[in-house]
Amino acid sequence: MLRTDQRRAAVWALYQSDLLGRQLDDVFPRDAHGFTRELARLVRTHQAGLDELISTHSTGWTLDRIAPLERSILRVGLTEMLYPDEIPGERSIPPEGAIDEAVETAKRFCGADAPAFVNGILGAVLRELQAGTIPGSAHAD
């Protein structure tokens, strides 16, 4: 299974968990890849901080107003950008790659405005990441 598909499976599991109010482990398909499970769990571990970043950069939008699928896409993208050393696998994806994956997922599964919205938020976080101004991230000085 391609890593892109595993990422998308993590997005879908998080989306279903949020939408249905079920535990994450209850929404994974039986054959979910280990990477998918670990990435989704890592999102849950850091979700409060991720949501704070999303809220900070989604000017004019409350977190609850953002579509659940877009929130899940943003959370996965941010997790890969901010916590690369905690993600299982031989090597982590660069932040720009995480943004591209998130935008492509939004293009495929969300409304017409979602890709630009996702790109805007993740791009703003990347600029902060590069400046070393995100406390608690793996990249902060």
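Today I will talk about how some of the helices in this predicted model pack against one another.

Let me begin with helix α3, which runs over residues 34-45. How far apart should its ends lie? At 1.5 Å a residue, its 12 residues should span 16 Å, and the C-alpha atoms at its two ends are indeed 16 Å apart, so the expectation and the model agree. Within α3, the residues F35, T36, R37, L39, A40, L42 and V43 are buried, and what covers the buried residues of this helix includes α1, α2 (24-27), α4 (47-57) and α5 (68-82).

Before we look at pairs, please keep in mind that two packed helices are described by the angle between their axes and the distance between the axes. For α3 and α5, the angle is about 95° and the axes are 9 Å apart, which means that α3 is roughly perpendicular to α5. On the α3 side of this contact we find F35, L39, L42, V43 and R44, and they meet R75, V76, T79 and E80 in α5. Sorted by kind, the residues of this contact between α3 and α5 are five nonpolar, one polar and three charged.

Now to a second pair, helix α1 (residues 3-20) and helix α6 (residues 95-109), whose axes come within 11 Å and cross at roughly 65°. That angle makes α1 roughly perpendicular to α6, and the crossing of α1 past α6 is right-handed. Here T4, R7, R8 and W12 in α1 meet E101, E104, T105, R108 and F109 in α6, and the residues of this contact divide into two nonpolar, two polar and five charged.

Methods:
Residues are numbered from 1 along each chain as its sequence is written. This is a predicted model: local features need pLDDT of at least 70, side-chain atom pairs count only at pLDDT 80 or more; totals for chains, interfaces and linings use all residues. Side-chain values use heavy atoms; hydrogens and water are left out. Axes are lines fitted to C-alpha atoms, for helices over the stretch in contact, and angles run from 0 to 180 degrees between N-to-C directions. Helices (H or I, at least four residues) and strands (E, at least two) are DSSP runs, numbered from the N terminus. Angles under 35 degrees count as roughly parallel, over 145 as roughly antiparallel, 65 to 115 as roughly perpendicular and the rest as oblique. A crossing is left-handed if the near helix is turned anticlockwise from the far one by less than a right angle, and right-handed if clockwise. Contact means heavy atoms within 4.5 Å. Ala, Val, Leu, Ile, Met, Phe, Trp, Tyr, Cys and Pro count as nonpolar, Asp, Glu, Lys and Arg as charged, and the others, Gly among them, as polar. The expected span of a helix is 1.5 Å times one less than its number of residues. Buried means under 20% relative accessible area, exposed over 50%, partly exposed in between (1.4 Å probe, protein chains only).
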